[in-house]
Amino acid sequence: MEHIGERLIWNYFPFTNIPIPGGGVNVLTIFNTLVVMALLWGMMWLGVRKLTRVPGRAQVILESFVGLFDGLVTSSLEYPTRDQNRKFLPLIASLFMFVCLGNFIGFLPTHYFEEPTADINCTMSLGMMAIAIAIYCGVKAKGAGEFFGELLGPMWHQEDATGFAKLAGKASALFFFPLNVIGEVAKVISISFRLFGNIIGGAIIIVVVSTLTYNTFLPIGLDLFFVFFVGTVQAFVFTMLTLTYIAVAIK
Amino acid sequence: MVTINLTMLVELILFLIFLWGTQRFILTPVLNSMDERNDSIERDIEKAKDDDIQSEELELKYRHEIAVIRRNADEELRAVKQKAMREHSDFLQQERINAETAVEEVRVKAMAMMEAEREAVLAEVPELARLMEAQLTASARISNNGGSH
């Protein structure tokens, strides 16, 4: 069981002895990411290939999905116009689909298919991107001064304070600023490791139970539970957290 | 073993490609299609509301026109009835006058004929009296002659 969590790493470009910078790449993670992208684009192409006013089954499913996330984004961000809310819809919808199918793909019965979300590189990149987008949106909505000024703490902005109270308020920034910066970094770690931990944890439990028991059906049930139920829940949690971080940053 | 390496950057780039492709080729057409449908449905609803208002106005107009037509028709019918009754009455009056005239003419003619008949009969009376007298005379003669035998 020691191999759980281990990744097939390419340290050199294929068929060459040129080293890959940055410590190599996890080739199965990238392969599975490409598979997930291809599957998602293929499934969505079924919905958009014949767009009609009276939709077919695939179009109905796609439109229901898009409508669901359009409603979620609109109710979370609460921009006054539809177009402003729609700017975030592709990010949120793509993130959910990508993470969800990324969690599901380990269900395919070959060892080539591993969840890309069980690789910390994948979840960290998505988490960092989500927080970076939230910060960018916050700076764009409030201005850099106000957004980063919030990191200095609530007492920094006391307008009516005088004398010692004002001095203490300014001094409190020495305490609040590092705390808030750590809080922002913790968001990345929190959102990334939550997804990574849940997916890799499910995989570990399935392998442990399958190894330690001779039950035929228990590992299948666990697989279904961890892949589909936990996978969907975690994809939704990841997406909603991203949406919430953006909403908090812009409001 | 958890290893952080270049995969993180590759994953980010792949996701951004996926995001771009999804937005460009999937979501934009779907959202346009949904918006077009929603706009079309809203337009249809607005048009249906306008049509509804228009139909109510037309119904009111129609009812008004029907009422006017019915009133005119009633008036015309009443006028026609009155005219017909008047004509009928005049006709009856005229016929009565004609009948009375005819009766009077017949009566006068009959009276004249009766008078003529009476005068003719009266004219025949002396002749008849003479004839009867002659017969009586002849009868008396005959009876006298028979008694002498």
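This is a chat about a predicted model with chains A and B.

Me: Before we look at details, what does the model score for ipTM and pTM?
Reply: This predicted model scores ipTM 0.89 and pTM 0.74.

Me: And what is the mean pLDDT of each chain?
Reply: Chain B has a mean pLDDT of 91, with 97% of its residues reaching 70 or more, while chain A averages 88, and there 97% of the residues score at least 70.

Me: Which elements of chain A have the lowest and the highest mean pLDDT?
Reply: Among the elements of chain A, helix α7, which covers residues 163–171, has the lowest mean pLDDT at 76, and α4(A) has the highest at 95.

Me: Let's stay with α4(A), then: at what angle does it pack with α9(A)?
Reply: Helix α4 of chain A, residues 89–104, packs with α9(A) at an angle of about 155°, and the two axes are 8 Å apart. Because angles over 145 degrees count as roughly antiparallel, α4(A) is described as roughly antiparallel to α9(A). The crossing of these two helices is right-handed.

Me: Which residues make that contact?
Reply: On the α4(A) side the contact is made by A:I92, A:L95, A:F96, A:V99, A:C100, A:N103 and A:F104, and on the α9(A) side the residues include A:V227, A:F228, A:G231, A:F238 and A:L243. Sorted by class, the contact between α4(A) and α9(A) has 12 nonpolar, 6 polar and no charged residues.

Me: How do α1(A) and α4(A) cross?
Reply: The axes of helix α1 of chain A, residues 27–48, and α4(A) come within 10 Å and cross at roughly 120°, which makes α1(A) oblique to α4(A). The crossing is right-handed, and the contact is made by A:V36, A:L39 and A:L40 of α1(A) together with A:M97, A:F98, A:L101 and A:G102 of α4(A). By class, this contact has 6 nonpolar, 1 polar and no charged residues.

Me: Switching to a single residue, where does A:I246 lie, and is it buried or exposed?
Reply: A:I246 lies in helix α9 of chain A, which runs over residues 218–250. A:I246 is buried, because 25 other C-beta atoms lie within 10 Å and 20 or more is the cut-off for that label.

Me: What is A:I246 in contact with, and how far is it from A:G202?
Reply: Leaving aside neighbours within four places in sequence, A:I246 is in contact with A:L77, A:F88, A:I133, A:A134 and A:C137. A:G202 is 44 residues from A:I246 in sequence, and the two are 29 Å apart in space, C-alpha to C-alpha.

Me: What about the loops, where does A:F15 lie and what is its phi?
Reply: A:F15 lies in the loop between β1 (9–10) and β2 (25–26) of chain A, and it has a positive phi of about 60° although it is not a glycine. A:F15 is exposed, with 6 other C-beta atoms within 10 Å.

Me: Why point out a positive phi?
Reply: It is pointed out because most residues other than glycine have a negative phi. A:E78 also has a positive phi, of about 55°, although it is not a glycine; A:E78 is found in the loop between α2 (57–77) and α3 (82–86) of chain A, and with 12 C-beta neighbours inside 10 Å it counts as exposed.

Me: Last topic: how many residues of chain B are in contact with chain A?
Reply: There are 27 residues of chain B in contact with 39 residues of chain A. The side of chain B that touches chain A has 18 nonpolar, 7 polar and 2 charged residues.

Definitions and conventions. Residues numbered from 1 in each chain as written. Chains lettered and ligands numbered in written order. Predicted model: local features only at pLDDT ≥ 70, side-chain atom pairs only at ≥ 80, totals over all residues. Helix = DSSP H or I, 4+ residues; strand = E, 2+ residues; numbered from the N terminus. Contact = placed C-beta atoms within 7 Å. Nonpolar A, V, L, I, M, F, W, Y, C, P; charged D, E, K, R; others polar. Axes fitted to C-alpha atoms, helices over the stretch in contact; angles between N-to-C directions. Parallel < 35°, antiparallel > 145°, perpendicular 65-115°, else oblique. Left-handed = near helix turned anticlockwise from the far one by under 90°. pLDDT = per-residue confidence, 0-100.
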